[in-house]
Amino acid sequence: MFALVSTCLLGGIGFYLNYSLQREIAWRDDQSLLGRLEHIQALLDESQSVIELQNRPQLYANMLGNQDSLLWVLNDQGQTLISVNPSQLPLPTLSHSQTAQLGFDEQQQARLAWRYVEHNEQGLMLIAGKLLAPREQMLAAYRLKLFVILVIGSLLAFLLGAWVSRQGLQPVRRLARQVESIDARRLHLRLADAELPTELRGLAYSLNQMLGRLEVGFGQLSRFSEDLAHEIRTPLSNLMGQTEHTLRKARPLEDYETLLASHQEEYERLSRMVNSMLFLARTEQPQASLKQSWVNVFELTEQLFEYFEGMAEEADMALINEVGLNEQAPQAERALTLVWADQDLLRRALANLLSNALCYGAKGQPIVLRCYEQENQQQPQSPSSWIIEVGNRGPIIKADSLALLFERFYRGDPARSHSSQTGGLGLSIVRSIMQLHHGQVCVTSDDSGTRFMLEFPSKAE
């Protein structure tokens with residue numbers, strides 16, 4: 001490409017130089033011919049007659065001085081009084097004009113300048129010319145030189161372009177070698193961008209950022225595999241241990257029934273875990289889609305409260321639904337609260353949060369669910385978002401644990417792991433659901449309690 005661009009540039013320059021030289025030579029020849037006409041007319045004015053000028057040819061022979069010049073002086077009858085015509089060109093037929101004219105002869109072999117003048121009451125046609133052949137030969141030789149220069153310049157551009165591109169791409173090759181040395185076991189390595197040119201530092205920075213994300217992702221995948229193996233090993237160990245213990249000797253029918261009931265619990269636990277993992281896998285697919293509509297949050301939460309009412313009574317907790325309540329509306333009336341979301345996924349996310357609050361909340365303390373509109377503080381012109389908040393009173397979650405709550409199989413209280421209905425995947429499912437809605441989930445924990453907040457963006461108009 002560099003050689004092609006250079007060839008086009010050199011060709012354009014050569015074309016311009018040839019055109020400019022041709023125009024310049026033609027202009028100079030025209031000026032020379034007009035000057036000759038003036039000189040011949042001056043000689044006629046100084047002479048008594050044309051005959052005297054004919055007898056003194058040295059006066060105009062010095063003016064011509066080469067084989068490519070032409071000169072004719074004709075009278076009114078078309079008779080040639082003076083003729084300088086080395087090439088024996090036929091006499092051109094020209095119009096009588098008292099102003100100097102420029103043109104070509106009939107055979108396009110010469111450039112002519114002519115003028116009709118009065119001398120001693122006699123009309124004379126003055127014609128000066130110059131053959132075009134020497135000019136064309138000179139221009140042809142010049143064009144040949146330009147073509148040779150163009151070919152040589154193109155070859156040099158190709159060779160120098162290859163060398164320059166090879167030298168310029170050395171940092172890219174070094175960068176490629178560094179990238180090739182990084183694999184799944186060396187994701188901690190980063191690309192050295194200090195020695196790279198400015199044009200590649202942005203690329204190296206982006207690649208380093210990508211490597212950082214891959215390292216975090218591989219770390220999460222490795223921890224997920226370990227946690228998954230641990231979670232599956234526990235029920236399998238229970239099943240195998242109980243079965244081996246029971247099969248050591250013959251036992252009554254009631255013992256076998258108890259064993260099957262225990263196995264059923266472990267199977268249900270494994271089933272819930274597998275279903276949760278399948279749900280996470282489906283929601284993380286790029287082609288995952290939502291069936292969004294306007295969801296009445298109060299009606300949805302009332303249905304969930306009715307479902308969790310028995311579990312709340314066992315845990316001595318009260319479920320309080322404050323959706324739609326505000327200072328302007330009386331306690332008996334609730335404002336209509338609608339959120340643009342997938343109703344089934346929203347129900348599952350809230351169910352996981354309520355189950356988590358019932359599992360880890362303090363006994364005798366209420367679980368409060370709110371929904372309110374929140375404006376964007378950083379960009380006031382942006383549309384506001386809807387927040388669904390689930391809060392409860394319980395042990396304060398440490399700051400280092402808050403960032404891990406949404407990791408798969410993470411439990412804030414390992415001692416109560418068996419009470420979880422989601423196998424440590426509940427909050428991970430909540431985060432995946434919010435990512436599908438292009439929203440986010442966050443959590444805060446302090447002396448006033450722990451609050452999980454689902455932020456749904458407003459529907460785009």
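This is a guided tour of a predicted model, with a suggestion at each stop of what to select and a description of what is there.

**The whole chain**

Begin with the complete chain in a cartoon view. The chain contains 11 helices and 12 strands. Of its 461 residues, 36% are buried. Among contacts with a separation of 6 or more, 61% are between residues 24 or more positions apart.

**Helices H1 and H4**

Select residues 2–46, which form helix H1, and residues 133–168, which form helix H4. Their axes come within 9 Å and cross at roughly 160°. An angle over 145 degrees counts as roughly antiparallel, and H1 and H4 are therefore roughly antiparallel to each other. The crossing of these two helices is right-handed.

**Aspartate 68**

Move next to aspartate 68, in the loop that joins helix H3 (58–64) to strand S1 (69–75). Is this residue buried or exposed? Aspartate 68 has a relative accessibility of 12%, and therefore counts as buried, the limit for that class being under 20%. Display its side chain together with that of lysine 130: a polar contact of 2.8 Å joins the two. Leaving aside residues up to four places away in sequence, aspartate 68 touches Gly129, Lys130, Leu131 and Pro134.

**Helices H6 and H7**

Now select residues 198–247, helix H6. How far apart are the end C-alpha atoms of H6? They are 73 Å apart, in agreement with the 74 Å that its 50 residues should span at 1.5 Å a residue.

Colour the buried residues of H6, which include Leu200, Ala204, Asn208, Leu211 and Gly212. Also buried in this helix are Phe224, Leu228, Glu231, Pro235, Leu239 and Thr246. To see what the buried residues of H6 pack against, add helix H5 (170–180) and H7 to the display.

Keep H6 in view with H7, residues 253–283. The two axes come within 10 Å and cross at roughly 165°. H6 and H7 are therefore roughly antiparallel to each other, and H6 passes H7 in a left-handed crossing. On the H6 side, the residues that meet H7 include Phe224, Leu228, Glu231, Ile232, Pro235 and Leu239. On the H7 side, the residues that meet H6 include Tyr256, Leu259, His263, Tyr267, Leu270, Met273 and Met277.

**Aspartate 316 and asparagine 321**

Continue to aspartate 316, in the loop between helix H8 (297–314) and strand S7 (319–321). Its phi is near 55°, a positive value in a residue other than glycine. Aspartate 316 is exposed, with a relative accessible area of 52%.

Then select asparagine 321, which is found in strand S7. With a relative accessibility of 8%, asparagine 321 counts as buried. Show its side chain and look for two partners. One is the side chain of glutamate 302, joined to that of asparagine 321 by a polar contact of 3.0 Å. The other is the backbone nitrogen of valine 323, which the side chain of asparagine 321 reaches at 3.1 Å.

**Helix H9 and its cap**

Select residues 343–360, helix H9. Its 18 residues should span 26 Å at 1.5 Å a residue, and the end C-alpha atoms are 26 Å apart, which agrees. Of these 18 residues, 13 are buried, so H9 is largely enclosed by the rest of the structure.

Which residue caps the N-terminal end of H9? Add aspartate 342 to the selection: this residue is the cap, with a side-chain oxygen 3.1 Å from the backbone nitrogen of aspartate 344.

**Two exposed loop residues**

Select lysine 398, placed in the loop between strand S10 (385–392) and helix H10 (399–402). This lysine is exposed, with a relative accessible area of 60%. Add serine 445 and compare the C-alpha positions: lysine 398 and serine 445 are 47 residues apart in sequence and 7.8 Å apart in space.

Finish at histidine 438, in the loop between helix H11 (426–436) and strand S11 (440–446). Although histidine 438 is not a glycine, it has a positive phi of about 60°. Its relative accessible area is 70%, and histidine 438 is exposed.

Note on methods
Residues are numbered from 1 along each chain as its sequence is written. This is a predicted model: local features need pLDDT of at least 70, side-chain atom pairs count only at pLDDT 80 or more; totals for chains, interfaces and linings use all residues. Side-chain values use heavy atoms; hydrogens and water are left out. Helices (H or I, at least four residues) and strands (E, at least two) are DSSP runs, numbered from the N terminus. Buried means under 20% relative accessible area, exposed over 50%, partly exposed in between (1.4 Å probe, protein chains only). The expected span of a helix is 1.5 Å times one less than its number of residues. A polar contact is a pair of N or O atoms within 3.5 Å; within protein, one must be able to donate a hydrogen and the other to accept it, and residues adjacent in sequence count only if both atoms are side-chain atoms. Axes are lines fitted to C-alpha atoms, for helices over the stretch in contact, and angles run from 0 to 180 degrees between N-to-C directions. Angles under 35 degrees count as roughly parallel, over 145 as roughly antiparallel, 65 to 115 as roughly perpendicular and the rest as oblique. A crossing is left-handed if the near helix is turned anticlockwise from the far one by less than a right angle, and right-handed if clockwise. Contact means heavy atoms within 4.5 Å.
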